[in-house]
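Welcome, and please open the model in your viewer. We will go from one selection to the next and look at what is there.

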Amino acid sequence: MELTVRQMDAEEFQRQRQEVLGQWETGKGVNFEEAVAYHKSLPKSKIFAEKLAEGKAKGVTFAQPRAGVALLNEHIELLRFLQDEGGADFLPSTIDSYTRQNRYTEAQSGIDESRTLGRSMLNGFPAVNHGVAACRQVVESVQVPVQVRHGTPDARLLAEVTIAGGFTDYEGGGISYNIPYSKDVSIESTIKYWQYVDRLIGLYEEQGVKINREPFGPLTGTLVPPAISHAVAVIEGILAVAQGVRSLTLGYGQCGNLIQDVAALHTLPVITEEYLKKLGYPETMITTVFHQWMGGFPQDEAKAFGVISWGAATAALGKATKVIVKTPHEALGIPTKEANAAGIRATKQVLSMLKDQTLPMTPELALEEQMILKETRAILDRVLTLGEGDIAVGTVRAFQAGVIDVPFAPSRYNAGKILPARDTTGAVRVLDFGNLPFDNEIKDFHRERIAQRGQDEGRDPSFQMVIDDIYAIGKGMLVGRPR
Amino acid sequence: MQQKTLVLGVIGSDVHAVGNRILDYAFTQAGFKVINIGVLATQEEFIHAAIETNADVLMVSSLYGHGEMDCRGLREKCQEKGIGNILMYVGGNLVVGKQDFESVKERFLAMGFNRVYPPGTMPEIPIKDLREDLGIADE
C-alpha cells in the first residue's frame with residue numbers, strides 16, 4: 001500500500017483486518033456490528049465526545065488521571081477509587097509496556113505472575129490479553145467515560161479490542177506514538193498503522209458511534225518547543241480526519257512558563273482549524289488537553305504537589321478542555337491509588353478556584369502566540385511542500401530532512417539535531433536549530449532570549465545548560481541556574 | 001591508564017530516552033568509553049555489545065517498573081557467554097509502585113548486580129563507584 005493522506009480503501013482495510021484480528025486469540029472476540037450496537041446502548045454520560053463537547057461549551061476544565069494494573073478486578077477497583085475518592089471527570093486505562101510493543105506472551109506472564117505474587121508486575125492494563133468482554137466490564141463498572149492511553153507504535157489490535165470493548169476515546173498517533181516510543185520503527189509504517197486505527201474509528205463514526213481521538217501532545221515531554229508539538233498535533237489531526245474521525249482532542253505538555261503555555265493552549269485549536277479548512281476537510285469538533293509537567297519530578301510529595309498545582313493553574317488559565325494529572329509519587333514510578341487520587345483532588349481544587357479567571361491579553365502573550373503560529377506554519381508549510389501537497393508523504397520526508405525534529409527522542413528516524421534550552425524566564429527556546437525551516441526573524445527571537453539568559457548566568461549556552469534545565473524541577477527550580 | 005568501557009542501555013520494553021542521553025554525556029565527560037545501545041535493549045544486546053567491545057561494566061537502566069522481570073537471568077547469561085565476572089550496575093524506577101528501596105536493592109543484589117541505585121541518583125554517584133570498582137584514581 002502506497003503512503004498517502006487519502007482515505008484507505010475498503011478492500012485494503014478488510015485485508016489488514018483479517019491479519020490484525022489473528023495476531024492474538026482475543027481478536028476473535030471482535031464483531032463490528034455487535035460492537036456498534038453495544039456503543040449505541042451506552043448512556044451519553046459514558047461517551048467521551050459528548051462530555052468534552054459539554055465542557056467546551058461551558059468553558060470548564062476536566063481532570064483525568066493515568067492508571068492501569070495487570071489484573072481485571074484490581075483495575076476496576078483502581079478506577080472506581082479514582083472516580084469516587086479522586087473525583088476524576090474522565091478515566092483512563094493505561095496499557096502496560098509489553099502490550100505497547102505487541103508482546104502479548106510476555107504480558108501474559110506478567111498477568112500470571114501478578115496473580116501468584118498478589119501485586120501488579122505490569123505497569124498497566126494488558127487490554128488485548130484480557131479481551132473484549134473484560135473491557136466492557138471496565139466500562140460498565142464506572143460512571144464516567146473511559147479512554148485507552150498507551151504508547152503503542154502498532155496499536156491496531158489494541159484499538160479493535162478496546163473499542164469493541166466500549167472505550168470511547170483512543171490516544172496516540174503515527175508520529176506521537178512512534179518517535180518518543182520506539183527505536184527502529186519507520187514513520188511510514190506507523191502512519192499506516194494509525195491510518196488503520198483512524199479508519200476503524202471512521203467506520204464507527206459512519207454508524208453513528210462517536211469515538212474521540214487524542215494525538216499524544218507532549219512527545220518526549222522534555223523541553224519540546226511548542227511549535228514542534230503543535231506541528232505534530234496538526235498533522236496527526238489531519239491524518240485522522242482524512243480517515244473519517246470527527247472528534248479530536250489535541251494535546252500539549254506543560255513547559256513551565258505561564259505565558260508560553262497559555263499561548264500554546266490558545267493557538268493549538270486555531271492552527272489546527274486553519275489547516276483543516278485550508279486543505280478542505282469537513283468540520284470537526286476540536287478540544288484541547290493539557291499535560292501537567294512531564295519531566296522529572298521532585299521526590300518530596302509536598303514539592304510534587306507544588307508542581308501538580310502549577311500545572312492545574314496553567315490548564316485553568318489557558319482554558320484547556322481537560323488536564324492530565326500527575327501524582328505525588330511521580331519521581332518513584334507507578335503511584336498507589338491513594339497518591340493518584342490525591343493528585344486529582346489537588347488539581348480539582350485549583351481548577352475550580354480558577355474557573356472564572358482568565359489570563360488577560362498582554363503584549364507579551366500576544367507576541368508569544370504570534371511566534372508560535374509563525375513557527376508552526378513554517379514547519380507545516382515546508383512539510384506540505386516536501387510532500388507535494390500530501391501531508392503523509394511530506395511527514396516522512398520532513399523527518400528525514402530534520403524539518404520536524406523532536407528533542408531527546410529514542411527513534412533513529414528522528415534527526416535529533418536540534419537542541420532546546422530555557423530562556424531566562426523559563427520559556428522553552430531553540431539553542432541549535434538543526435534543520436528547522438525557520439527564517440531569520442524567528443531565529444533572532446530565540447537567539448536573543450537565550451543570549452539574555454547566558455548573560456544573566458555569566459556562561460555561554462551549551463549542553464550543560466540543557467542538562468541543568470532537565471534536572472531543575474527536581475531541585476526546586478524551573479530554570480537550571482548554575483550552582 | 002587504559003580507558004574503561006561501559007555498555008549503557010535501557011532494558012526491556014522501556015523507551016525512556018532522556019536519562020540515557022544524559023548518562024551517555026556524563027560518563028563520556030568523566031573519561032569512560034560509552035557504548036550506548038539505547039532504549040528497548042534486550043539482555044542479549046547488552047551481552048553482545050560487551051563481548052564485541054571487551055567492556056568492563058554493564059550499566060542497566062530501567063524506568064518503567066518492569067525491571068525485576070527484565071533483569072532476571074542476566075548474570076547467568078553472562079556466565080554462559082564467558083563474561084561471568086563483568087561488573088553489572090542497575091538503576092532507576094526498578095519495580096512497580098512505591099516499595100522500600102532496601103528490599104528492592106536486596107532483590108537486585110541477589111540477581112547478581114554489583115551496584116543498585118534508587119530513583120533520582122545523580123550521575124556523579126555511579127561515576128565515583130565506577131572509579132572505585134575499576135581501580136581508577138580520582139582526578
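Is the crossing of α9(A) and α15(A) left-handed or right-handed? Keep in mind as you look that this is a predicted model. To find out, select residues 187-206 of chain A, which form helix α9, and add residues 391-401 of chain A, which form helix α15. The two helices cross in a right-handed way. On the α9(A) side, show A:I187, A:E188 and A:I191; on the α15(A) side, show A:A392, A:T395, A:V396 and A:F399. Sorted by class, this contact has five nonpolar, one polar and one charged residues. The axes come within 9 Å and cross at roughly 150°. Angles over 145 degrees count as roughly antiparallel, so that is how α9(A) and α15(A) lie to each other.

Next, select helix α10 (residues 226-242) and helix α14 (residues 363-386), both of chain A. Here the axes are 9 Å apart and the packing angle is about 50°, so α10(A) and α14(A) are oblique to each other. This crossing, too, is right-handed. Display A:P226, A:A227, A:H230, A:A231, A:V234 and A:I235 from α10(A), then A:I372, A:E375, A:T376, A:I379, A:L380 and A:V383 from α14(A). By class, nine are nonpolar, two polar and one charged.

For the last stop, bring chain B into view. How many residues does each chain give to the contact? Chain A gives 29 residues and chain B gives 21 residues. On chain A, select α5 (97-100) and α17 (463-472): each supplies at least two residues of the side that touches chain B. Coloured by class, that side of chain A shows 13 nonpolar, 13 polar and three charged residues.

Definitions and conventions. Residues are numbered from 1 along each chain as its sequence is written. Chains are lettered from A and ligands numbered from 1 in the order in which they are written. This is a predicted model: local features need pLDDT of at least 70, side-chain atom pairs count only at pLDDT 80 or more; totals for chains, interfaces and linings use all residues. Two residues are in contact if their C-beta atoms, placed from the backbone, lie within 7 Å. Helices (H or I, at least four residues) and strands (E, at least two) are DSSP runs, numbered from the N terminus. Ala, Val, Leu, Ile, Met, Phe, Trp, Tyr, Cys and Pro count as nonpolar, Asp, Glu, Lys and Arg as charged, and the others, Gly among them, as polar. Axes are lines fitted to C-alpha atoms, for helices over the stretch in contact, and angles run from 0 to 180 degrees between N-to-C directions. Angles under 35 degrees count as roughly parallel, over 145 as roughly antiparallel, 65 to 115 as roughly perpendicular and the rest as oblique. A crossing is left-handed if the near helix is turned anticlockwise from the far one by less than a right angle, and right-handed if clockwise.
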